[in-house]
Number of protein chains: 2
Amino acid sequence: MSNASRAIERFSRYPLGESQSVHCPVRDVLDRIGDKWSMLMIMALAMRPHRFSELHRAVNDISKRMLTQTLRDLERDGLITRHVFPTKPPGVEYRLAPLGHSLLEPMAGLIDWADRCHGDIHAARARFDGTPGDAARQAFSTRSKVSTNRQG
Amino acid sequence: MSNASRAIERFSRYPLGESQSVHCPVRDVLDRIGDKWSMLMIMALAMRPHRFSELHRAVNDISKRMLTQTLRDLERDGLITRHVFPTKPPGVEYRLAPLGHSLLEPMAGLIDWADRCHGDIHAARARFDGTPGDAARQAFSTRSKVSTNRQG
DNA sequence: CTGCATCCTCTAGGATACTG
DNA sequence: CAGTATCCTAGAGGATGCAG
């Protein structure tokens with residue numbers, strides 16, 4: 001709890017919004033792991049180095065295109081490294097760089113939160129969707145839509 | 001470091017990829033704070049309750065549309081609460097719910113990381129963009145593009 | 001095996017105008 | 001003041017094909 005207060009304290013150091021912000025750490029975070037696949041890649045590489053196709057198998061439903069692109073972005077930012085083995089069919093190994101390793105702990109904190117609060121969130125959602133209130137407000141939520149399968 | 005190891009340990013409990021995953025906490029995280037504005041809203045509300053237009057001023061460059069939508073989604077998930085004061089011109093106050101409050105600490109961890117590693121990342125990026133290597137690989141990175149202004 | 005290039009779709013999100 | 005509805009665009013990301 002007092003850790004959260006400490007967090008709030010720090011928040012106040014940063015300007016919200018982006019136009020005026022000289023450097024917004026929130027944008028940094030989102031640019032890094034806010035996309036669809038980066039976190040998954042990092043998690044996979046956290047366990048052990050992976051080859052290209054190993055990663056493709058590990059993160060089954062990513063396209064080759066996005067796999068390459070995500071890896072390239074992570075490499076560019078220094079989070080992972082890329083080692084080419086000039087063997088017969090070329091082999092490429094990706095592994096977590098120290099910078100990427102330093103991301104593991106904060107990332108895990110967030111994932112744990114999601115895991116812990118999964119239930120509460122779904123409960124809240126059911127409550128919200130179930131409240132007859134105004135249909136308009138509810139419909140306006142993008143992420144709703146799906147769970148409208150309650151009693152008709 | 002051993003905290004990171006612990007993190008890795010936990011990672012292995014979750015299936016990567018989403019099709020096969022019964023419940024992927026990574027998706028949960030991204031659905032919650034991976035969008036453009038949620039984190040900013042939460043940070044703003046972490047400091048103190050805000051009215052609609054206060055939020056609009058705090059997060060200057062968000063559109064009214066996205067402001068409403070983001071707030072609605074956060075409300076639906078139980079992260080924030082919404083209190084209507086039926087005054088002359090209606091007033092609406094948003095504040096962090098306990099569930100939202102519980103997100104502050106892990107979120108701050110991530111933001112701190114971004115703040116700490118900002119420099120290293122930019123350095124890595126400059127190094128990557130500066131390496132003559134293959135231009136193709138570099139160009140394939142989406143987020144690059146900008147800094148291709150080196151010597152023509 | 002690794003991974004670019006091309007094409008195409010779909011949706012997050014901005015701009016604007018209107019209401020209670 | 002606090003939304004809502006409509007319209008529209010930019011870009012993320014999938015599918016597929018070719019190449020070293």
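This text walks through the contact between two protein chains and then the protein surface around a DNA strand. The structure is a predicted model.

Start with the protein pair. In chain A, 82 residues touch chain B, and in chain B, 82 residues touch chain A. Together the two chains bury about 8200 Å² between them. Carbon and sulfur atoms account for 63% of that area.

Charged pairs also link the chains. There are eight salt bridges between chain A and chain B. One can be picked out by name: R125(A) pairs with D77(B). Their closest N and O atoms are 3.0 Å apart. Polar contacts add to the picture, with 14 residue pairs counted between chain A and chain B, both partners at pLDDT 80 or more.

Now look at where the chain A side comes from. Six helices of chain A each give two or more residues to the side that touches chain B. They are helix 1 (2-11), helix 2 (25-33), helix 3 (38-47), helix 5 (64-76), helix 6 (98-130) and helix 7 (135-140). Helix 6 of chain A provides the largest share, 24 residues. By class, this side of chain A holds 37 nonpolar, 20 polar and 25 charged residues.

Turn next to the DNA. There are 22 residues around DNA strand C. Those that come nearest are S53(A), K64(A), R72(A), R82(A) and Y94(A). By class, the surface near DNA strand C has ten charged, eight nonpolar and four polar residues.

Which elements supply this surface? From chain A come helix 4 (52-58), helix 5 and strand 3 (91-96). Chain B adds its own helix 5 (64-76). Each of these elements gives at least two residues. The largest share, four residues, belongs to helix 5 of chain A. Helix 5 of chain A also appears among the elements on the side that touches chain B.

What part of the DNA strand does the protein meet? Of the atoms of DNA strand C within 4 Å of the protein, 63% are in sugar or phosphate. The rest are in bases.

Individual side chains show the phosphate contacts. R72(A), one of the residues that come nearest to the strand, places a polar side-chain atom 2.3 Å from a phosphate oxygen of DNA strand C. For Y94(A), a side-chain N or O atom is 2.7 Å from a phosphate oxygen of the strand. R51(A) has a polar side-chain atom 3.1 Å from a phosphate oxygen of DNA strand C.

Key: Residues numbered from 1 in each chain as written. Chains lettered and ligands numbered in written order. Predicted model: local features only at pLDDT ≥ 70, side-chain atom pairs only at ≥ 80, totals over all residues. Heavy atoms only, no water. Contact = heavy atoms within 4.5 Å. Buried area = accessible area lost by both parts, 1.4 Å probe. Salt bridge = Lys/Arg side-chain N within 4 Å of Asp/Glu carboxyl O. Polar contact = N/O pair within 3.5 Å; in protein donor to acceptor, adjacent residues only side chain to side chain. Nonpolar A, V, L, I, M, F, W, Y, C, P; charged D, E, K, R; others polar. Near = heavy atom within 4 Å.
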